[in-house]
Amino acid sequence: MNQHGYAVAIVGASGEVGRSMIETLERYPIPVSSLRLLASKRSAGKTLLFKKEPIVIEELSEDSFEGIDLAFFSAGGSVSLKYAPIAVSKGAVVIDNTSAFRMDPTIPLVVPEVNAHVLSKNTPLIANPNCSTIQLVVALKPLIEAYGIESVNVSTYQAISGAGAKALYEYEQELSDESYEPQILPTRSDEIYYQIAHNVIPQIDVFLSSGYTKEEIKMINETQKILDDYELKVNATCVRVPVRYGHSVSVTVKLKKPVKDREEIIEVFKESPDVILRDNILHQEYPMPSYLAHQDEVFVGRVRKDLFEENVVHFWVVADNILKGAALNSVQIAYYMHRHGLLGD
């Protein structure tokens with residue numbers, strides 16, 4: 001960092017998360033002295049705006065990180081595996097939004113509201129979790145602090161944008177052309193494709209021999225790592241739904257202490273600074289992705305105590321998967337490190 005701020009690079013700048021990182025950096029109080037936008041050869045030469053100033057996208061290369069203090073990666077796991085270590089070797093702190101390093105035991109997996117304490121000057125490479133995992137652990141934190149938790153069962157309702165801009169484009173094609181043949185969902189690396197228009201698909205990523213998908217195993221493993229509780233029982237069912245932006249998660253939690261009633265849990269969420277409670281059953285108020293897209297916060301609603309078990313509760317969580325689930329969480333990591341003098345300044 002020089003007297004004017006950090007030299008920042010964004011890898012994958014032309015993608016939806018990359019563009020959201022640019023917009024988030026504009027409004028976050030992180031001093032940026034220069035911004036280098038990096039992408040594939042296909043996007044090189046295009047121009048994006050940062051604080052109303054045009055910046056030309058450059059083709060990513062091994063020489064792209066000279067003089068860079070802080071680098072955000074969101075261009076796919078293979079790109080991160082190759083170039084993130086190069087950026088670190090050049091002196092940059094790297095915050096990676098892909099799955100490349102998430103389960104590496106030497107690399108912190110961070111949601112600032114939950115486990116920012118694992119960050120230090122000795123953590124030049126930080127992994128950003130899966131989008132659904134982020135909103136889940138933010139909502140779990142107040143319950144962990146108040147009661148402790150034994151197990152978590154979730155069903156996700158994940159937006160199309162989580163599969164990328166091409167999936168969104170395909171959704172629009174399906175809506176306008178009934179003869180359109182899907183080519184992307186549930187996952188481009190599998191053999192059969194299904195339409196998402198007027199449909200829900202109970203598969204995100206490929207299946208494993210256990211019957212779980214990779215997405216579901218990501219949520220299980222990442223939740224345990226972030227909470228530093230490898231004995232925690234986590235199960236997940238991940239579903240793609242015809243929503244453009246905003247992931248929703250139905251959560252069932254078994255607590256370590258009994259709960260008196262629904263109001264007791266509502267008070268716990270009300271007192272948490274990290275979530276916004278939207279739960280008014282008299283007026284049908286609860287979080288919905290169509291109404292909360294493009295907002296930063298994690299929203300909680302539909303809070304219930306289980307009808308049969310005194311230490312089980314159920315609730316509903318919604319957050320924007322491109323913001324809190326990706327770009328915003330990455331920038332919040334950087335902001336925490338900046339405020340605590342962990343970026344080398």
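Which residue in β14 stands opposite V249? In this predicted model, the partner is V317. That pair belongs to a longer match-up: β11 (residues 247-255) and β14 (residues 312-319) run antiparallel and are joined by eight bridges.

**The mixed sheet**

Zoom out from β11 and β14 and you'll find an open sheet of six strands with mixed pairing, ordered β10-β9-β11-β14-β13-β12. β10 (233-240) and β12 (275-277) sit at the edges with a single partner strand each, so one side of each has no neighbour in the sheet. From one strand to the next, the twist averages 25 degrees. Helix α4 packs on this sheet, touching β9 (149-158), β11, β12, β13 (298-305) and β14, and its direction makes about 35 degrees with that of β11. Helix α6 lies across β9 and β10, running at about 140 degrees to β10.

**The parallel sheet**

There's another open sheet of six strands, this one with parallel pairing, in the order β5-β2-β1-β6-β7-β8. Its edges are β5 (58-59) and β8 (125-127); each has a single partner strand, so one side of each is left without a neighbour in the sheet. Helix α2 (residues 77-89) lies across β1 (6-11), β6, β7 and β8, at about 175 degrees to β6.

Here are three of the strand pairs, side by side:

| Strands | Sense | Bridges | Residues standing opposite |
|---|---|---|---|
| β6 (70-73) and β7 (93-96) | parallel | four | A71 and V94 |
| β3 (47-50) and β4 (53-56) | antiparallel | four | L49 and P54 |
| β11 (247-255) and β14 (312-319) | antiparallel | eight | V249 and V317 |

The hairpin of β3 and β4 has two residues between the strands, and K51 takes a positive phi near 50 degrees there.

**An aromatic link**

The structure has four aromatic pairs. Take Y28 and Y335: their ring centres are 5.5 Å apart and the planes lie at 85 degrees, so this pair counts as edge-to-face. It ties together distant parts of the chain, with Y28 in the loop between α1 (16-27) and β2 (32-39), and Y335 in helix α9 (residues 323-339), 307 residues apart.

**The second largest pocket**

The second largest pocket has a volume of about 380 Å³. It is lined by 21 residues, and the closest to its centre are K225, I226, L227, D228 and D229. Helices α3 (112-115), α4 (131-146) and α6 (214-227) each supply at least two residues of that lining. What is the lining made of? It divides into 12 nonpolar, three polar and six charged residues. As for the helices, α4 and α6 also turn up on the mixed sheet, with α4 packing on it and α6 lying across β9 and β10.

Key. Residues numbered from 1 in each chain as written. Predicted model: local features only at pLDDT ≥ 70, side-chain atom pairs only at ≥ 80, totals over all residues. Heavy atoms only, no water. 1 Å grid on protein atoms, 1.4 Å probe; cavity = no way out; pocket = protein on both sides within 12 Å on 5 of 7 lines; lining within 4 Å. Points joined across faces, edges and corners; volume = space filled by probe spheres on them. Nonpolar A, V, L, I, M, F, W, Y, C, P; charged D, E, K, R; others polar. Pairing = 2+ DSSP bridges. Contact = heavy atoms within 4.5 Å. Axes fitted to C-alpha atoms, helices over the stretch in contact; angles between N-to-C directions. Phe/Tyr/Trp six-rings, centres within 6.5 Å; stacked < 30°, edge-to-face > 60°.
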